Amino acid sequence: MNDMEKCSGSCADCGEECGGATITLTLDNDEVLECQILTLYETAGKNYIALLPLNEQGINEDGEVFLYRFHEENGVPVLKNIESDEEYEAASDGFDEWLDGLEYDEMVSEEEADAQ
């Protein structure tokens, strides 16, 4: 079973300390880059994946996040470049909404912990 089959993109969902599933990308310039999967999400009727590029030490140095269109073919993940500015803006907005949801969940968890 590969990481994509085990991982929903949210470490909170699996209940394991997996350190985050990763995927290896080969960029257009043939550079190979390991990326942590941040989340899989849907927006504007399309599926996307957010990836955090990592250096050799497994650290993201600049906070940059890669967004790709995502689907599976015969159980194999397929990533496609987002070609239009309009689609990229929609994908970016969807990722921002996911981040906002995380911040809200963290705030609610902190408030619940303070109440106890």
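In this predicted model, E87 forms a salt bridge with K46, and the closest N and O atoms of the two are 3.9 Å apart. That distance falls under the rule for a salt bridge, which asks for a side-chain nitrogen of Lys or Arg within 4 Å of a carboxyl oxygen of Asp or Glu. The pair joins distant parts of the chain, since E87 belongs to helix α3 and K46 to strand β3, 41 residues apart. Side chains of opposite charge can pair when their charged atoms come close.

E87 has another partner. A salt bridge also links E87 to R69, here with the closest N and O atoms 2.7 Å apart. Because E87 sits in helix α3 and R69 in strand β4, this pair ties together parts that are 18 residues apart in sequence. Through shared partners, the salt bridges join K46, R69 and E87 into one network. The count of salt bridges by this rule comes to two.

Are the members of this network buried or exposed? E87 has a relative accessibility of 11%, and because buried means under 20%, E87 counts as buried. K46 reaches 36% relative accessibility and therefore counts as partly exposed. R69, with a relative accessible area of 25%, is partly exposed.

The strands that carry K46 and R69 can be followed next. Strand β3 covers residues 46-54 and strand β4 residues 66-73; the two pair in the antiparallel sense over four bridges. Y48 has R69 in β4 as its bridge partner. R69 thus appears in two settings: as the bridge partner of Y48, and in a salt bridge with E87.

Strand β4 also pairs with strand β5, residues 76-80; these strands run antiparallel and are joined by five bridges. Within this pairing, F70 stands opposite L79 in β5. The hairpin of β4 and β5 has two residues between the strands, and in this hairpin N74 takes a positive phi near 55°.

The last stop is a group of charges at the surface. D85, E86, E89, D93, D96, E97, D100 and E103 form a negative surface patch. One of these residues, D96, has its place in helix α3, which spans residues 85-115. D96 counts as partly exposed because its relative accessibility is 36%. Residues of a patch must have over 30% relative accessible area and no salt bridge. E87 is therefore ruled out of the patch on both points, being at 11% relative accessibility and forming a salt bridge with R69.

Technical notes. Residues are numbered from 1 along each chain as its sequence is written. This is a predicted model: local features need pLDDT of at least 70, side-chain atom pairs count only at pLDDT 80 or more; totals for chains, interfaces and linings use all residues. Side-chain values use heavy atoms; hydrogens and water are left out. Patches are made of residues with over 30% relative accessible area and no salt bridge: like charges are joined within 9 Å, nonpolar side chains (Val, Leu, Ile, Met, Phe, Trp, Tyr) within 5 Å. Accessible areas come from the Shrake-Rupley method with a 1.4 Å probe; for residues, only the protein chains shown count as cover. Lys and Arg count as positive and Asp and Glu as negative; His and the chain ends are not counted. The place of a charge is taken as NZ of Lys, CZ of Arg, CG of Asp or CD of Glu. Buried means under 20% relative accessible area, exposed over 50%, partly exposed in between (1.4 Å probe, protein chains only). Two strands pair if DSSP finds at least two bridges between them.
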